[in-house]
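Trainee: Could we go through this model together? I would like to start with a single residue and then move on to the packing and the charged pairs.

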Amino acid sequence: MSSASLEITADTPPAALLAHFAPHLKIAHQLPGRVRLKLSMKALDGINFSALESSADAFSAVLGQIRGVRAIKWNLLARSCTVEYDTAIIPDAAWPDLLAGADSAAAQALHAILEETHASLRCAANA
């Protein structure tokens, strides 16, 4: 059984991406300012990436524009990525809370940062 289809484009809102991917993401390891996320194989079922570049480098460049993110490292074979971030901007609790759908201040802060980044990228693309 495959999950519902999701067309991922530059206009796909972060809330839609989170709703699709959160059930398939888990935190493999977390230290203050560093989190390693693991993506299950099932997460890619029904995904159409036709409107985006498929390279991890291009995706990393976009993710690197998120306020508070210092670095992103991918291990595509392991379906994981490590995010280094500024804990003064993104609280450590934001990652588990956001993935769990918790309505905490930390999760709201990270969600607002993602929405802000999405809006600025869309403005830049339309300029």
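Trainee: Is R79 buried, partly exposed or exposed?

Mentor: R79 counts as partly exposed because its relative accessibility is 27%; buried means under 20% relative accessible area, exposed over 50%, and partly exposed in between, with a 1.4 Å probe and protein chains only. Please note that this is a predicted model, in which local features need pLDDT of at least 70 and side-chain atom pairs count only at pLDDT 80 or more, while totals for chains, interfaces and linings use all residues. Residues are numbered from 1 along each chain as its sequence is written, and side-chain values use heavy atoms, with hydrogens and water left out.

Trainee: Where does R79 lie, and what is its phi?

Mentor: R79 lies in the loop between strand 5 and strand 6; strands (E, at least two residues) and helices (H or I, at least four) are DSSP runs numbered from the N terminus. The phi of R79 is near 55 degrees, a positive value in a residue other than glycine. Most residues other than glycine have a negative phi.

Trainee: Changing topic, how many residues does the largest nonpolar core have?

Mentor: The largest nonpolar core has 20 residues, and V83, I90, W95 and L110 have the most contacts inside it. Such a core is a set of buried Ala, Val, Leu, Ile, Met, Phe, Trp, Tyr and Cys residues joined through side-chain atoms within 4.5 Å.

Trainee: Which elements supply at least two residues each?

Mentor: Strand 3 (34–39), strand 5 (69–75), strand 6 (80–85), helix 3 (94–100) and helix 4 (105–126) each do so. Helix 4 gives the largest share of this core, five residues.

Trainee: And what is L110 in contact with?

Mentor: Leaving aside neighbours within four places in sequence, L110 is in contact with I90, A94, W95 and L98, where contact means heavy atoms within 4.5 Å.

Trainee: How many aromatic pairs are there?

Mentor: The count comes to one aromatic pair. Rings of Phe, Tyr and Trp (its six-membered ring) pair if their centres lie within 6.5 Å; planes under 30 degrees apart count as stacked, over 60 as edge-to-face and the rest as tilted. The rings of Y85 and W95 have centres 5.3 Å apart and planes at 55 degrees, so this pair is tilted. Y85 is in strand 6 and W95 in helix 3, ten residues apart.

Trainee: Are Y85 and W95 buried or exposed?

Mentor: Both Y85 and W95 are buried.

Trainee: Now the charges: how many salt bridges are there?

Mentor: There are three salt bridges, each defined by a side-chain nitrogen of Lys or Arg within 4 Å of a carboxyl oxygen of Asp or Glu. R67 and E116 meet at 2.9 Å, N to O. R67 is in the loop between helix 2 (56–63) and strand 5, and E116 in helix 4, 49 residues apart.

Trainee: What about R70 and K73?

Mentor: R70 forms a salt bridge with D86, the closest N and O atoms being 3.8 Å apart. K73 forms a salt bridge with E84, with the closest N and O atoms 3.0 Å apart. K73 lies in strand 5 and E84 in strand 6, so that pair ties together parts eleven residues apart in sequence.

Trainee: What else does K73 touch, say in strand 6?

Mentor: T82, whose place is in strand 6, is in contact with K73 as well as R34, V35, R36, A71 and I72, leaving aside neighbours within four places in sequence. T82 counts as buried because its relative accessibility is 9%.
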